[in-house]
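Reader: I am new to this structure and should like to understand the grounds for the terms applied to it. May I put some questions to you?

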Amino acid sequence: MNVHKPNFLQSDRWDGLAFFSGWQATAAGTLNVTDPATGLHVATVGFGGPADIARAAREAKAAQKSWAETLAGERARILSRAADLLEKHGEELAPWIMRESGSIHAKAMIEVEHGALFIRHAATLAMAATGTFLPGMDTRTHYARRVPHGVVGVISPFNFPLVLSIRSIAPALALGNTIVHKPDPRTPISGGFIIARIFEEAGLPEGVLHIIPGGADAGEALCIDDNVAMVSFTGSVRGGSKVGELCGKHLKKVQLELGGKNALIILDDADLDVAASNAAWGAFLHQGQICMATGLVLADEKIATGLSERLATKAGHLQVGDPSGHQVALGPIISDQQVASIQAIVDDAIAKGAQLLAGGTHDGRFYKATVLTDVRPDMRAFNEEIFGPVACVVSFQRDEDAVAIVNRSDHGLAAGVISRNVARAMALGNQLNVGQLHINDQTVNGGPYAPFGGRGKSGNGSRMGGPSDIEELTQWQWVSVKDQATAYPF
Ligand code: NAD
């Protein structure tokens with residue numbers, strides 16, 4: 001029998017290279033990508049430094065005018081074809097996401113499905129009417145139209161590498177921008193080369209999309225390059241603050257989507273089994289390495305013990321291990337350094353009096369689903385984004401106390417409220433200083449139709465997705481038209 005191994009990604013095409021106008025070598029050399037679960041070599045890719053970014057930005061600038069002039073229908077067709085290709089080859093591509101970012105299969109497929117959805121949404125943006133006639137200030141015709149910025153630089157993180165790269169790249173392309181994208185060096189294939197391959201096969205003209213894996217220096221080079229008009233950054237508060245500083249200095253528009261400390265509030269009338277399931281999903285999915293992960297479980301004191309016990313039972317049942325070839329619920333943490341950071345926060349909480357109901361230990365990079373109760377404001381776990389599978393239960397007395405705890409944080413990305421009384425949950429939710437509020441759901445929610453972003457230090461007030469894409473990825477141009485030029489007093 002002749003069995004064909006699926007080979008859409010064609011690694012021999014890009015082995016040791018990066019995506020400029022086609023696959024080419026970088027000046028900065030190559031990078032070995034390893035599987036965080038096993039330490040085994042996954043692939044070798046071209047590694048970009050500042051000179052590579054400058055070259056890509058020049059090429060992207062040269063290609064931008066003709067891409068913006070490409071008929072909207074043709075841009076939409078290319079995007080739709082790219083979405084089709086991603087869906088069609090999803091089962092082949094998912095293992096790359098699993099091996100690079102330590103994802104379980106279900107999470108990798110969520111990335112494929114959502115990635116395709118984001119591209120399909122972007123295709124509709126290409127066809128949207130983006131102008132308006134202005135009231136007559138004089139006898140001229142006045143109108144305003146949205147025009148692309150030019151070259152958009154994209155910087156994305158390791159945790160949901162495919163979706164978080166596509167959610168900036170696809171709408172920016174649809175609206176006539178060209179792209180220089182720098183995925184995280186730990187996930188250059190799932191955060192970069194998969195996207196390059198689907199757009200290459202979909203017929204995107206050369207020079208419109210550049211994908212250059214690199215580190216912080218390459219990201220900073222994007223922020224200061226005169227050929228780059230805007231930077232769309234998803235990552236940590238630390239990285240985002242540096243990117244914001246550089247873009248401010250160089251007078252560039254910048255979109256910052258950063259970390260969160262997200263609360264799931266469980267009121268005393270909630271179904272405790274359902275609430276515990278929500279808390280487990282929100283805190284443990286992808287080992288808690290999600291910006292919207294449930295960082296605090298705020299439980300009414302009347303139900304806190306019952307809720308915590310149910311959550312600990314669930315945590316104890318979640319298998320942790322290498323997701324490639326094994327049925328596990330949790331894969332590895334991305335790095336040893338991140339494991340040490342999680343452990344330090346858990347140890348600090350225990351030392352200051354928190355109760356450990358489950359987990360709290362790790363085998364190498366495999367950190368067990370962990371439940372801490374009696375978490376208090378003097379503990380790091382109360383205040384910091386942990387980026388690990390740790391559910392921190394905090395009890396409160398009155399609904400307004402829960403509001404005060406949430407609004408203490410200046411990283412208000414997402415919040416959820418669970419109650420059988422929707423009016424009560426809404427009344428509480430309306431007081432929360434967060435970018436997204438989910439009534440009767442946990443905090444991990446996303447999709448192309450909603451404007452995604454957070455309050456305070458969780459970003460810079462920008463949003464990604466839905467109605468915000470046109471607002472963020474284009475700018476107004478005022479046009480006035482006289483039938484003929486007329487003389488002035490001078
Ligand atoms: P990180 O900031 O270290 O890295 C993210 C990206 O930024 C990578 O590509 C990295 O190479 C680049 N980078 C790092 N320093 C840079 C600099 N000085 N200049 C330019 N680029 C730089 O983030 P991480 O720790 O790898 O990712 C996890 C963080 O990302 C968490 O805080 C998480 O909450 C956040 N995140 C936010 C969202 C969101 O939508 N709000 C989504 C996912 C992750």
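Author: The following exchange concerns a sheet and the surroundings of the ligand in this predicted model.

Reader: What makes strand 6 and strand 21 a pair?

Author: Two strands pair if at least two bridges are found between them. Eight bridges join strand 6 (residues 141-148) to strand 21, so the criterion is met. The two strands run antiparallel, and one of the bridges links R146 to W476 in strand 21.

Reader: Why is one side of strand 5 and of strand 21 left without a neighbour in the sheet?

Author: The sheet is open, with three strands in the order 5-6-21 and antiparallel pairing. Strand 5 (131-133) and strand 21 (474-481) stand at the edges, each with a single partner strand, and therefore one side of each has no neighbour in the sheet. Neighbouring strands of this sheet are turned by 20° against each other on average, direction ignored.

Reader: Why does the approach of E385 to the ligand count as a polar contact?

Author: A polar contact requires a pair of N or O atoms within 3.5 Å. A polar side-chain atom of E385 lies 2.5 Å from an oxygen atom of the ligand, so the pair qualifies. For R186, a polar side-chain atom is 3.0 Å from a ligand oxygen atom; for E220, a side-chain N or O atom is 2.9 Å from a ligand nitrogen atom. The protein buries 88% of the 850 Å² that the ligand exposes when taken alone.

Reader: Which helices and strand each supply at least two residues of the shell around the ligand?

Author: These include helix 6 (161-174), helix 8 (216-224), strand 10 (230-234) and helix 9 (237-249). The space taken by the ligand is the largest pocket.

Terms used: Residues numbered from 1 in each chain as written. Predicted model: local features only at pLDDT ≥ 70, side-chain atom pairs only at ≥ 80, totals over all residues. Heavy atoms only, no water. Helix = DSSP H or I, 4+ residues; strand = E, 2+ residues; numbered from the N terminus. Axes fitted to C-alpha atoms, helices over the stretch in contact; angles between N-to-C directions. Polar contact = N/O pair within 3.5 Å; in protein donor to acceptor, adjacent residues only side chain to side chain. Areas by Shrake-Rupley, 256 points an atom, 1.4 Å probe, with all protein chains shown as cover. 1 Å grid on protein atoms, 1.4 Å probe; cavity = no way out; pocket = protein on both sides within 12 Å on 5 of 7 lines; lining within 4 Å. Sits in = over half its atoms within 2 Å of the grid points.
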